[in-house]
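Dear colleague,

I am handing over the structure below, and after it you will find my notes on what turned up when I went through it. Please read them with the coordinates open beside you.

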Amino acid sequence: MDYEMLRSFRNDRNPFSARLGIYVEELRPGYARAVKTVTEEDLNPVSVPHGGVYFSLADTACGSAMAAYGTMAVTINCSFSFLKSARVGDKLTAEARELPGGRSVCVLEARVTGEAGELFALGTFTFRRLDKPIGL
C-alpha cells in the first residue's frame, strides 16, 4: 500500500477534519499521528477548547491507523478522558497505537499531547475491521 497516497486521501477527502484543522502527518498499519492548532473557533463558552476538539483529533488518528491496513473500519466503542485544557495557539498532536488483539475487533490507544509533551487527553478506541477495501 502507498501510505503517502492514503495519507493524502484521508486529508483531502475528510471535510469534517478539514473544518476543524486536523491534519494527518503520518500513518502506517496500527499507528498514526494527527495534528491541530487550537484556534478561537475551538473554544467553548468558558474559553477552553471544546472536548470534541480533543476527541475528534484522537478519533482521526485512530481511524487513520486502521485505514493503513487497506480496509475500512468503524469505531464501535470509546472511552475518553479529558485531563488538561490547551490554549489558543497550542499545537496538539494525537498519536494512535494499536494494542495487541484480534483480527476483526481492534483496540487502539490515543494520546493527545502538546508541544512540551503535556498530556491533554487519553482515549481507548475499539474498531471493527470490515472486509471492504479502501478505494483510493
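**Two buried residues and the salt bridges**

Please keep in mind throughout that this is a predicted model.

I begin with Phe-120, which belongs to strand β6, the stretch covering residues 119-133. With a relative accessible area of 2%, Phe-120 falls under the 20% limit and is therefore buried. Once its neighbours within four places in sequence are set aside, Phe-120 is in contact with a run of residues from Ser-81 through Phe-82, Leu-83, Lys-84 and Ser-85 to Ala-86, with Asp-90 and Leu-92, with Val-112, Thr-113 and Gly-114, and with Tyr-54. The last of these partners stands 66 residues away from Phe-120 along the chain, yet the C-alpha atoms of Phe-120 and Tyr-54 are separated by 7.9 Å.

The second residue is Thr-60, which is placed in helix α3, spanning residues 51-67. Its relative accessibility is 11%, so Thr-60 also counts as buried under the 20% limit. Leaving out the neighbours within four places in sequence, the contacts of Thr-60 are Arg-10, Ser-17, Ile-22 and Val-24.

Turning to the charged side chains, the count of salt bridges comes to eight. One of them joins Glu-26 to Arg-33, where the closest N and O atoms are 2.7 Å apart. Glu-26 has a relative accessibility of 26% and is partly exposed, and Arg-33, with a relative accessible area of 22%, is likewise partly exposed. Both residues also take part in a network of salt bridges that links Glu-25, Glu-26, Arg-28, Arg-33 and Lys-91.

Another salt bridge is formed between Glu-95 and Arg-97, with 3.6 Å between the closest N and O atoms. Here Glu-95 is partly exposed at a relative accessible area of 26%, while Arg-97 is partly exposed at 43% relative accessibility.

What, finally, do the side chains of Arg-103 and Asp-131 form where they meet? They form a salt bridge, with an N to O distance of 3.6 Å. Arg-103 sits in the loop between β4 (91-98) and β5 (105-113), whereas Asp-131 is in strand β6, so this pair ties together parts that lie 28 residues apart in sequence. Arg-103 and Asp-131 are both exposed, and strand β6, which carries Asp-131, is also where the buried Phe-120 is found.

With best wishes

Terms used: Residues are numbered from 1 along each chain as its sequence is written. This is a predicted model: local features need pLDDT of at least 70, side-chain atom pairs count only at pLDDT 80 or more; totals for chains, interfaces and linings use all residues. Side-chain values use heavy atoms; hydrogens and water are left out. Helices (H or I, at least four residues) and strands (E, at least two) are DSSP runs, numbered from the N terminus. Buried means under 20% relative accessible area, exposed over 50%, partly exposed in between (1.4 Å probe, protein chains only). Contact means heavy atoms within 4.5 Å. A salt bridge is a side-chain nitrogen of Lys or Arg within 4 Å of a carboxyl oxygen of Asp or Glu.
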